[in-house]
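User: I am new to this structure. Please take me through the terms used for it and the values behind them.

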Amino acid sequence: MPGMTVNRGGEPGYAGAGATFCKVPLVLDPADLAGADVVIVGAPTDEAVSNRPGARFGPRAIRQADVSGGSPPSRPNMDVGVDPFAVLTVVDYADARVVPADKQASHDAIRRAVEEVCAAGAVPIVLGGDHSIAHPDVGAVAGHLSPATLGLVHFDAHADDAPEVYGVRLSHGTPLRLLVEEGAIRGEHIVQVGLRGYWPDPEDFEWARSQGFRWHLMEEISERGMDAVMDEVVAEARVADHLFLSFDIDVCDPGFAPGTGTPEPGGITAREALRAVRRLAFEVGLAGMEVVEVAPPYDSAEITALLAHRLVLEALSGLALRKLGREPAPERSGV
Ligand SMILES: [Mn+2]
């Protein structure tokens with residue numbers, strides 16, 4: 001397929017012409033998306049945050065958080081025994097043409113980019129950006145798939161379903177409310193994982209309950225264990241025809257993901273996050289995914305960007321296994 005290869009191979013991960021995700025080919029013309037299975041899209045915007053900005057720098061940091069190098073990429077996943085790039089055609093569609101200080105123009109550009117990926121028959125994986133981009137991301141995928149239904153599994157410390165935040169309707173705390181009210185997704189097709197802390201208010205939970213949302217508080221994960229909770233999430237995610245995975249990095253404990261605008265202590269571990277994402281990609285399949293709220297200015301030793309990068313690799317590994325139609329085959333010791 002067309003597309004520009006951005007390095008010659010054999011270079012260290014930090015070298016070469018440019019940082020596409022894992023140095024997959026860069027695509028700039030939507031016509032060149034044809035034939036791709038998965039398309040990486042950056043959404044470098046953070047005008048909608050209620051606390052610390054910085055997620056506009058997320059896409060670049062995530063793309064650069066790659067240590068293996070090499071192009072065409074080879075990333076054999078030892079936990080499942082598959083190299084996603086040997087199975088899937090993955091390209092990087094660069095960043096949506098966001099407009100600094102213009103939320104609506106940025107969201108329109110993100111929606112267009114995701115729509116173009118969907119129109120090419122590929123799965124978009126969007127690198128945020130603050131969580132307000134779930135509105136164009138999920139909205140575009142839902143619109144493309146309609147009348148089939150799109151479900152949403154939403155990993156987050158925060159429910160992001162408020163009617164407004166500080167009086168602002170288009171906020172990173174409101175995308176789920178907007179999506180449900182507009183009819184893009186139905187409340188009973190939404191599953192939230194990892195909620196904790198002190199926001200939103202009880203009336204927002206009451207609204208979510210009235211819409212049929214399901215959620216698994218961090219407290220439940222602590223009591224029952226992540227794998228047991230994920231068994232239910234997988235079953236719940238199968239209720240809709242297709243699945244969008246929205247992963248707010250702040251669902252992870254700030255010890256594993258300090259580089260985010262609204263951290264909340266007491267979250268899931270990196271290990272739990274990686275397994276959960278891989279399971280959903282493999283066992284349910286993904287029509288779209290986003291990783292949001294990676295804010296490099298607050299990161300330490302790039303650990304948050306690294307985790308976000310690996311979450312995408314785990315999703316790709318799960319999708320590759322699913323495409324092959326086989327179970328994970330870990331590289332186990334021979335003795
Ligand atoms: Mn969020």
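What follows is a set of short questions with answers.

User: What kind of model is this, and how are residues numbered?

Analyst: This is a predicted model; local features need pLDDT of at least 70, side-chain atom pairs count only at pLDDT 80 or more, and totals for chains, interfaces and linings use all residues. Residues are numbered from 1 along each chain as its sequence is written.

User: What does pLDDT say about the protein?

Analyst: pLDDT is the predictor's confidence in each residue, from 0 to 100. The protein averages 95, and 95% of the residues score at least 70. Over residues 1-7, pLDDT stays under 50. Where pLDDT is low, the predicted coordinates should not be read in detail.

User: Why is the protein called as compact as a globular protein of its length?

Analyst: The radius of gyration is taken over C-alpha atoms, and the globule rule is 2.2 Å times the number of residues to the power 0.38. For 335 residues the rule gives 20 Å. The protein has 18 Å, close to that value, so it is as compact as a globular protein of that length. Its C-alpha atoms fill a box of roughly 55 × 55 × 45 Å along the principal axes.

User: How many helices and strands are there, and what counts as one?

Analyst: The protein has 10 helices and eight strands. Helices (H or I, at least four residues) and strands (E, at least two) are DSSP runs, numbered from the N terminus.

User: Why is Arg 271 called exposed, and Cys 22 buried?

Analyst: A residue is buried if 20 or more other C-beta atoms lie within 10 Å of its own, exposed if 12 or fewer, and partly exposed in between; C-beta atoms are placed from the backbone. Arg 271, in helix H9, has 10 such atoms within 10 Å, so it is exposed. Cys 22, in the segment before S1, has 25, so it is buried. Asp 160 has 28, so it is buried too. Buried residues make up 55% of the 335 residues in the protein.

User: What makes the largest nonpolar core a core, and which residues touch the most other members?

Analyst: A nonpolar core is a set of buried Ala, Val, Leu, Ile, Met, Phe, Trp, Tyr and Cys residues joined through C-beta atoms within 7 Å. The largest one has 104 residues; Val 38, Val 39, Val 41, Leu 243, Val 291 and Ala 315 touch the most other members. Helix H10 (residues 303-324) gives the largest share, 12 residues.

User: What does Val 38 touch?

Analyst: Two residues are in contact if their C-beta atoms, placed from the backbone, lie within 7 Å. Beyond four places in sequence, the contacts of Val 38 include Leu 88, Val 90, Ala 122, Leu 316 and Leu 319. Val 123 and Ile 125 are also among them.

User: How do you know that S3 is paired with other strands?

Analyst: Two strands pair if DSSP finds at least two bridges between them. Six bridges join S1 (residues 38-43) to S3, and the two run parallel. Three bridges join S3 to S8 (residues 288-292), again parallel. Ala 43 stands opposite Gly 128 in S3. Ile 125 has Met 289 in S8 as its bridge partner.

User: What makes S3 mostly covered?

Analyst: Six of the six residues of S3 (residues 123-128) are buried. Val 123, Ile 125 and Leu 127 point one way, while Pro 124, Val 126 and Gly 128 point the other way.

User: How do you know that the span of helix H9 agrees with its length?

Analyst: The expected span of a helix is 1.5 Å times one less than its number of residues. H9 (residues 270-283) has 14 residues, so it should span 20 Å; its end C-alpha atoms are 20 Å apart, which agrees. Its buried residues include Ala 273, Val 277 and Leu 280. What covers the buried residues of H9 includes strand S4 (150-155) and H10.

User: Which phi values and peptide bonds stand out?

Analyst: Most residues other than glycine have a negative phi, and most peptide bonds are trans. Cys 22 has a positive phi of about 50°. Phi of Asp 160 is near 55°, also positive. A cis bond joins Gly 128 and Gly 129, with omega about 15°. The bond from Ser 146 to Pro 147 is cis too, with omega near 10°.
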